[in-house]
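Hi everyone, thanks for making time. I'd like to walk you through one structure today, and you can follow along on the screen.

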Amino acid sequence: VSAYAPPFTIYNQTTTTVSFQFQTDAQIVTVGAGALNVDVVVDETAPVCTPLGSDCAAGSWCAPTELTGAALRCIAEGPLAAGEACRSPGDCAANSSCFDMGAGAVCVVLCGAADFNQPCLSGGLCTPRGVDYGVCEAGTPDPSAGQGGDAGQAGASAQGGANTQ
């Protein structure tokens, strides 16, 4: 029932699922084993965007080369938000990709190398996944989380006091 050769993309260290659907008239169908050969050609080109930056048009984003295995370019974002179950990286919104973090594949927010081991705006800590990108692991405690909330409260009080003078 499915296409003979469905299109798919495999990104570095992510989960991609290729599914086939069959329909039968009660006859037993035997599915055999096979092999896949992949040839790789690399052409170097000037970058057209900044990985995880904001220089792509609306509805697209610049994925890190190490993640996609392709030259930098703006690619279409998917419809799924961070935390939603996904089948491939192309399913996920801008600056996120499909990873199986142990409980099934979900869209996970990405972060740049400059943010390794730093708190993510989306929560958690930026954990390296390669040389040029990491993932914001929501389950990773942010060591400054307790201090950040208290400092914000103190800042609000100090500013409030300044307004009453």
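I'll start with the overall layout, then go to the cores, a helix, a pocket and two backbone angles.

Please keep in mind that this is a predicted model. The protein chain has two helices and six strands. Reading from the N terminus, the order of elements is β-α-β-β-β-β-β-α. Of its 165 residues, 24% count as buried. As for contacts, take the ones between residues at least 6 apart in sequence: 35% of those join residues at least 24 apart.

Now to the cores. Which residues make up the largest nonpolar core? There are 11 of them: Tyr 11, Leu 52, Trp 61, Ala 63, Leu 67, Ile 75, Phe 99, Val 108, Leu 110, Tyr 133 and Val 135. Two strands, strand 4 at 105–112 and strand 6 at 133–137, each supply at least two residues of this core. Another core lies apart from it, with six residues, including Leu 80, Cys 86, Cys 98 and Ala 105.

Let me pick out one member of the largest core, Leu 67. You'll find Leu 67 in helix 1. Is Leu 67 buried or exposed? It counts as buried, because its relative accessibility is 1%, against a cut-off of under 20%. If we set aside neighbours within four places in sequence, Leu 67 is in contact with Tyr 11, Asn 12, Thr 14, Trp 61, Ser 97, Phe 99, Leu 110 and Tyr 133. For those of you who like distances, the C-alpha atoms of Leu 67 and Arg 129 are 8.9 Å apart, with their positions 62 residues apart in sequence.

Next along the chain is Thr 68, also in helix 1, which covers residues 65–68. Thr 68 has 15% relative accessibility, so it counts as buried too. A polar atom of the Thr 68 side chain lies 3.1 Å from the backbone nitrogen of Ala 70. Beyond four places in sequence, Thr 68 is in contact with Ile 10, Tyr 11 and Ala 63. Tyr 11 is therefore a contact of Thr 68 as well as of Leu 67.

On to the pocket I wanted to show you, the second largest one. How much space lies in it? About 270 Å³. It is lined by 20 residues, and the closest to its centre are Pro 7, Phe 8, Thr 9, Ser 88 and Gly 90. Sorted by class, the lining has 10 nonpolar, seven polar and three charged residues.

Ser 88 deserves a closer look. It sits in the loop between strand 2 (74–76) and strand 3 (96–100). Because its relative accessibility is 19%, Ser 88 counts as buried. Away from its neighbours within four places in sequence, Ser 88 is in contact with Thr 15, Thr 16 and Cys 98. Cys 98, you may recall, belongs to the six-residue core.

Finally, two backbone angles. Leu 52 has a positive phi, near 60 degrees, and it is a residue other than glycine. Leu 52 is in the segment before strand 1, which spans 60–62, and it counts as buried because its relative accessibility is 19%. Asn 95 is not a glycine either, and its phi is positive at about 60 degrees. Asn 95 is in the loop between strand 2 and strand 3. With 23% relative accessibility, Asn 95 counts as partly exposed.

That's my tour, and I'm happy to take questions.

How values were computed: Residues are numbered from 1 along each chain as its sequence is written. This is a predicted model: local features need pLDDT of at least 70, side-chain atom pairs count only at pLDDT 80 or more; totals for chains, interfaces and linings use all residues. Side-chain values use heavy atoms; hydrogens and water are left out. On a 1 Å grid over the protein atoms alone, a cavity is a set of points where a 1.4 Å probe fits but cannot get out, and a pocket is an open set with protein on both sides within 12 Å along at least five of seven lines; lining residues have an atom within 4 Å of a point. Grid points are joined across faces, edges and corners, and a volume is the space filled by probe spheres set on the points. Ala, Val, Leu, Ile, Met, Phe, Trp, Tyr, Cys and Pro count as nonpolar, Asp, Glu, Lys and Arg as charged, and the others, Gly among them, as polar. A nonpolar core is a set of buried Ala, Val, Leu, Ile, Met, Phe, Trp, Tyr and Cys residues joined through side-chain atoms within 4.5 Å. Buried means under 20% relative accessible area, exposed over 50%, partly exposed in between (1.4 Å probe, protein chains only). Helices (H or I, at least four residues) and strands (E, at least two) are DSSP runs, numbered from the N terminus. A polar contact is a pair of N or O atoms within 3.5 Å; within protein, one must be able to donate a hydrogen and the other to accept it, and residues adjacent in sequence count only if both atoms are side-chain atoms. Contact means heavy atoms within 4.5 Å.
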